[in-house]
Amino acid sequence: MMKDKFFCRNCKGIRNHKEIHQEKTRGGDYEGYFQWMRNFSIIQCLGCETISFLEIYGDTEMIEHNENGEPDYYFDSTIYPSYLNKSEELDYQHFIPESIRLIYGETISAFKADSYILTAGGLRAIIEAICNHLKIKKGNLADRIDLLHNKGHLTLSESKRLHSIRFLGNDALHEIEKPKKDHLYILLDIINHLLANLFINDKKLKGKMDTIVDKYDEYIKLIQNKIEKDMIGKEYTMKDILGKSIRLIPKKDYKKLEDELKKEINVGKIEYISIAKEPDETIYKIVKGPEFAFDW
């Protein structure tokens, strides 16, 4: 076991490690007044067995004096890969739109490198990228954050939190004011929560748990997934097709979604299902098999 404890990115804390391998380097000037050392080690957490790379550097200028005025040398320790010691970067980042994911990744890299001004600017840029993706481009960023709330993408409390990120980002970029690390961790948690709610959580649940269907593309996918091979050539009401899943559609949206379906059937945009009877109760005929339903 090593004498000093180091941070484990998996355990999220300072832990005991063992050294698996070490390489030492030394150097200095010709006169011998300045000397340096840099040691490289592969280390392993004694708790979870996570492997890390450790760099320790020290030189003759790295000196502090204790309370008795005596010199004490100190060393800088760096763990690789770089890590966030409080918050965490998001899992399932592949669900985030590419333009937002790119900025998010660079912001996390800046934070891990202790580049706090760039991190604050990156958090602000993530909000801009979210607005662009959601087609909210009118006005300055303050107006666009308010529109995120007005259009139902955020709660009022969430929009207020995004303004905090805007303020911090503006101070960092325009005033070159270095933010506090603890403040950045709080704002990163806000961004993580927002991205998870907007782009990740629903996709994680899809296929595992029932979720509300109130958008037309979701409605169509639900119908597609309900069509089975033995239904081809037979006639059904929409309630028969959807079965128990009809409960996923809010009553206020049901007629609007079905009217849109009928419209697309009538103009030939949807060919796997046809309207067999109207107007008392719409009866649908299943024209094609379900194999198409898994292409989306």
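**Exercise 1.** Find the residue with which Asp-253 forms a salt bridge at 3.2 Å, and say whether each partner is buried or exposed.

*Solution.* Start with the rule: a salt bridge is a side-chain nitrogen of Lys or Arg within 4 Å of a carboxyl oxygen of Asp or Glu. Here the partner is Lys-252, and 3.2 Å separates the closest N and O atoms. Next, take the accessibility terms: buried means under 20% relative accessible area, exposed over 50%, and partly exposed in between (1.4 Å probe, protein chains only). Asp-253 has 6%, so Asp-253 is buried, whereas Lys-252, at 70%, is exposed.

A word on the model: it is predicted, so local features need pLDDT of at least 70 and side-chain atom pairs count only at pLDDT 80 or more, while totals for chains, interfaces and linings use all residues. Residues are numbered from 1 along each chain as its sequence is written, and side-chain values use heavy atoms, with hydrogens and water left out.

**Exercise 2.** Work out how the salt bridge between Asp-253 and Lys-256 sits in helix 8.

*Solution.* First, the N to O distance is 3.6 Å. Then look at the helix, residues 251-266 (helices are DSSP runs of H or I, at least four residues, numbered from the N terminus). The two residues lie three apart there, which means about one helical turn separates them.

**Exercise 3.** Describe the salt bridge of Lys-269 and Glu-264, then look for a network.

*Solution.* The closest N and O atoms of this pair are 3.5 Å apart. Lys-269 is exposed at 62%; Glu-264 is buried at 11%. Elsewhere, Arg-124, Glu-128 and Arg-144 are joined into one network by salt bridges that share partners. To finish, the count of salt bridges comes to 13.
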